[in-house]
Amino acid sequence: MKNLVTLAAGCFLAASAWGEPTAKPVLSDSNILARVDDRIITFPQLNTQLNSTAVVGLSTPALGTPERRTVVLTLLDRAISVNLLYLDAVGKGKLEDPNFKRELQEYADGMLAGLYRRHYLKADTAVSEADIADYVKKHFAKDTELDDKMRPLVEAKVKKAKYLARKQGLRKHLHAGTKVMIHTKHLEIEDDGIRSDEQVIAEYDGNVMTWGESKKYLTTLNNSIDINRRLKTLNGLIDNYLLAKKGREAGLDQDPGFQAALAEFSMTRLVNRHRSALTQAMQPTEQEVRDYFTEHQGRITFNEYRKLQMVVLKDEKAALDIMEKLGKGEMTIYQAALNHSIDPRAKQTLGDFGWVEEGSGFPALDELAFALEIGELGGPVETPAGWHIVRVTDQRASKYTDINDPDTRQQTRRLLLKERLNDYVVELRKRDYPVVVYEENLNRLLQEEAQWIAAKSREMEQHPERAKLILDEMKALVE
């Protein structure tokens with residue numbers, strides 16, 4: 001286990017989007033965007049993350065746009081925070097936490113089991129002339145000669161048969177030379193409530209499996225109604241261990257893909273566990289939650305929104321005339337907007353004004369819009385922009401307005417904890433781990449990216465017949 005944790009800590013983030021360890025960052029490296037103590041964050045890492053995965057709370061702006069800089073800066077800030085929390089967790093000895101070690105071991109075993117299973121099933125599936133001849137002899141008439149059309153089909157069938165044979169023999173291969181004993185009497189479902197966590201339920205390869213370490217897998221709904229399903233699951237757990245062991249023996253734990261995935265899981269899980277423990281220790285009292293709501297209600301409360309249709313007329317007489325025609329059904333609000341509204345956008349919007357927040361417009365118009373029922377026509381009302389006729393077509397109710405409401409308390413508590421955690425990370429940055437941001441590198445790299453995209457766009461315009469090749473080249477940039 002110690003070697004596994006050391007491996008994860010040592011190669012942590014070697015291929016991650018958040019950062020990578022370096023004993024001595026080289027400032028001349030033009031891709032470095034930031035350094036957090038002895039860890040670096042590079043432009044390709046952030047670009048890979050932005051272009052290859054959905055980032056919660058962020059859109060993915062096109063390459064070369066100004067919006068991309070804003071998003072990259074947001075990702076850089078997150079990456080710095082993650083690295084600070086990681087260093088803090090390591091400094092507090094969280095790598096040695098038994099629960100973290102167990103999770104890391106389970107993840108590594110699961111990955112290695114899958115790698116070895118695929119490795120084993122794909123091995124020894126080459127099709128020889130003897131294999132083809134034997135298949136033809138068994139399945140075709142005597143003296144049949146294969147033509148160029150039939151031969152690939154026969155090869156495919158032989159290869160599939162070899163694959164299925166290895167699949168069926170996988171458990172025998174795993175258990176060869178290994179003694180496996182399952183104590184079925186200690187798996188009876190009716191004894192689950194009284195069985196000790198220390199009870200040994202299986203022995204294999206010199207190891208023992210206790211009820212305590214396996215019951216989370218064996219007491220699922222399906223496994224709690226049928227002991228045969230429970231036995232199948234238990235055999236699967238043992239096979240998973242043996243597959244992982246075979247994987248290590250085959251050197252699959254040295255695979256760069258495995259090491260990168262293990263390192264990233266190690267970072268993600270360690271930071272998440274540390275963040276969870278920190279927020280648990282930061283839990284506010286009920287009075288602190290109420291005080292925070294009082295102080296920050298403007299940030300917490302979501303005002304009501306209304307979706308409006310609107311016609312703007314130049315004077316009251318015109319507005320009253322249109323209002324009368326709308327009321328009698330002689331004209332639709334779309335026709336009124338198209339033919340009579342002085343709003344310069346009316347011919348494009350046909351009176352659809354969109355969503356407005358309560359308190360964000362002219363007071364008289366705001367009062368009218370938020371007094372109407374859905375579908376009700378109101379007005380005319382005067383503002384500096386003219387005389388308005390309004391219809392409400394949809395509504396989004398206000399939220400988090402009353403601290404006595406459970407949802408409001410939960411939202412307030414969440415924001416307070418987020419603020420406390422952010423303050424903690426800021427203190428780490430000030431007090432414990434130096435952070436350097438190389439903004440000149442970021443500016444230059446974003447500019448180079450924009451110039452490259454602009455050049456490729458011009459190239460497509462000049463050579464439309466090469467558009468696919470150029471698009472493939474642009475796509476490769478972000479993969």
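Strands here are DSSP runs of E with at least two residues, numbered from the N terminus. With that settled, I opened the notebook on this predicted model.

**Entry 1: His-388**

I started with His-388 and found it in strand β10, which covers residues 386–396. Is this histidine buried or exposed? Its relative accessible area is 4%, and buried means under 20%, so I noted His-388 as buried.

Next I asked which side chain makes a polar contact with that of His-388. The partner is Thr-383, at 2.7 Å. I then listed what else His-388 touches, leaving out neighbours within four places in sequence. The list has Met-310, Val-311 and Val-312, then Leu-365, and then Gly-378, Gly-379, Pro-380, Val-381 and Thr-383. Thr-383 therefore turns up in my notes both as a contact of the histidine and as its polar partner.

**Entry 2: the largest nonpolar core**

I moved on to the largest nonpolar core and counted 61 residues in it. Those with the most contacts inside it are Ile-41, Leu-46, Ile-80, Leu-84, Ile-201 and Leu-234. Which helix gives the most to this core? I wrote down α3, residues 66–91, with twelve residues.

I picked Ile-80 for a closer look. Setting aside residues up to four places away in sequence, I found Ile-80 touching Ala-34, Val-36 and Ile-41, as well as Arg-429, Val-435 and Val-437.

**Entry 3: a three-stranded sheet**

I then traced an open sheet of three strands, in the order β4-β5-β6 with antiparallel pairing. Why does one side of β4 and of β6 lack a neighbour in the sheet? I see that β4 (180–182) and β6 (207–210) stand at the edges with a single partner strand each, so one side of each is left free of a sheet neighbour. On average, neighbouring strands of this sheet are turned by 20 degrees against each other, direction ignored.

For the pairing of β5 (residues 200–204) with β6, I noted four bridges in the antiparallel sense. One bridge I looked up takes Val-200 to its partner Thr-210 in β6. I also found helix α8, residues 211–218, lying across β5 and β6 and running at about 60 degrees to β6.

**Entry 4: Ala-123**

My last stop was Ala-123, in the loop between α4 (98–122) and α5 (129–139). Its relative accessible area is 28%, which lies between the 20% and 50% limits, so I recorded Ala-123 as partly exposed. How far is its C-alpha atom from that of Lys-157? I noted 16 Å, for two residues that are 34 residues apart along the chain.

Note on methods: Residues are numbered from 1 along each chain as its sequence is written. This is a predicted model: local features need pLDDT of at least 70, side-chain atom pairs count only at pLDDT 80 or more; totals for chains, interfaces and linings use all residues. Side-chain values use heavy atoms; hydrogens and water are left out. A nonpolar core is a set of buried Ala, Val, Leu, Ile, Met, Phe, Trp, Tyr and Cys residues joined through side-chain atoms within 4.5 Å. Buried means under 20% relative accessible area, exposed over 50%, partly exposed in between (1.4 Å probe, protein chains only). Contact means heavy atoms within 4.5 Å. Two strands pair if DSSP finds at least two bridges between them. Axes are lines fitted to C-alpha atoms, for helices over the stretch in contact, and angles run from 0 to 180 degrees between N-to-C directions. A polar contact is a pair of N or O atoms within 3.5 Å; within protein, one must be able to donate a hydrogen and the other to accept it, and residues adjacent in sequence count only if both atoms are side-chain atoms.
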